[in-house]
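Biologist: I have a structure on screen and a few questions about it. Shall we go through them one by one?

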Amino acid sequence: MSSNKCVIVIDQNLPVGIIANTAAVLSLSLGRLNPEMIGYEEYEPELTVIDLISATQTTKSYDEYSQQFASTPVEELEYLGIALYGSKKLVNKFTGNLGLLR
C-alpha cells in the first residue's frame, strides 16, 4: 500500500460541467510528474500542489494564464479547485475535514 495520497478539491457550487473540466485539468496537470510539469515550485517540498483559477476559462495559453495569475491580487483570485499529492499525513493535514463529492 502506498504511503502517498492524492486529493482534488473543487468548489462544489460550480456547475457540473465546470467541476468536470476542473477535475480533468487538475488530473492531467498532476499526471505530468516530470521536469516539464506545468506550474512552479511549491511551498511544501514533499507536497505537489496544483491550483486552477477562473482565468482558465478566459485565457488561451498557459503563458497568458500564468501572467493573469501572477498579476491578480491574492484576495481577488477565484479558485475553481486544487490538487494535492504527497504523503497521506501531509495531504490529510490540509484536507482531512473536507467532504466527498456526492
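Biologist: In which helix do Tyr62 and Tyr65 both lie?

Modeller: A note before we start: this is a predicted model. Tyr62 and Tyr65 are three residues apart, about one turn of the helix. The helix spans residues 62-71, and its name is α2.

Biologist: What kind of aromatic pair do Tyr62 and Tyr65 form?

Modeller: A pair of aromatic rings is described by the distance of the centres and the angle of the planes. For Tyr62 and Tyr65, the centres are 5.9 Å apart. Their planes meet at 35 degrees, and the pair is tilted.

Biologist: Which residues do ring pairs link into a cluster?

Modeller: The structure holds two aromatic pairs. Ring pairs join three residues here: Tyr62, Tyr65 and Phe69.

Biologist: Is Tyr65 buried or exposed?

Modeller: Compare its ring partner first: Tyr62 has a relative accessible area of 34%, so Tyr62 is partly exposed. Buried means under 20%. Tyr65 has a relative accessibility of 7%, so Tyr65 counts as buried.

Biologist: How many residues make up the largest nonpolar core?

Modeller: In soluble globular proteins, nonpolar side chains tend to be buried together. Here the largest nonpolar core includes Tyr65, along with Leu26, Ile50, Leu52, Ala55 and Leu80. Helix α1 and strands β2 and β3 each supply at least two residues of this core. The full count is twelve.

Biologist: Which residues are in contact with Ala55, leaving aside its neighbours within four places in sequence?

Modeller: Ala55 belongs to the largest nonpolar core. Beyond its sequence neighbours, the contacts of Ala55 are Tyr65 and Gln68.

Biologist: Is Thr22 buried or exposed?

Modeller: Thr22 has its place in helix α1, residues 16-31. Leaving aside neighbours within four places in sequence, Thr22 is in contact with Ile10, Leu52, Leu80 and Gly81. The relative accessible area of Thr22 is 0%, so the residue is buried.

Biologist: How far apart in space are Thr22 and Ser54, C-alpha to C-alpha?

Modeller: In sequence, Thr22 and Ser54 are 32 residues apart. In space, C-alpha to C-alpha, the separation is 9.6 Å.

Biologist: How many residues of β2 are buried?

Modeller: Strand β2 covers residues 47-53. The strand is largely enclosed by the rest of the structure, because most of its seven residues are buried. The number is five.

Biologist: What is the bridge partner of Leu47 in β3?

Modeller: Strands β2 and β3 pair in the antiparallel sense. The pairing runs over seven bridges. In β3, Leu47 has as its bridge partner Gly86.

Biologist: In what order do the elements of the protein chain run from the N terminus on?

Modeller: The protein chain has three helices and three strands. Read from the N terminus, the order is β-α-β-α-β-α.

Biologist: What share of the contacts with a separation of 6 or more comes from residues 24 or more positions apart?

Modeller: The protein chain has 102 residues, and 26% of them count as buried. Among contacts with a separation of 6 or more, the share from residues 24 or more positions apart is 69%.

Technical notes: Residues are numbered from 1 along each chain as its sequence is written. This is a predicted model: local features need pLDDT of at least 70, side-chain atom pairs count only at pLDDT 80 or more; totals for chains, interfaces and linings use all residues. Side-chain values use heavy atoms; hydrogens and water are left out. Helices (H or I, at least four residues) and strands (E, at least two) are DSSP runs, numbered from the N terminus. Buried means under 20% relative accessible area, exposed over 50%, partly exposed in between (1.4 Å probe, protein chains only). Contact means heavy atoms within 4.5 Å. A nonpolar core is a set of buried Ala, Val, Leu, Ile, Met, Phe, Trp, Tyr and Cys residues joined through side-chain atoms within 4.5 Å. Two strands pair if DSSP finds at least two bridges between them. Rings of Phe, Tyr and Trp (its six-membered ring) pair if their centres lie within 6.5 Å; planes under 30 degrees apart count as stacked, over 60 as edge-to-face and the rest as tilted.
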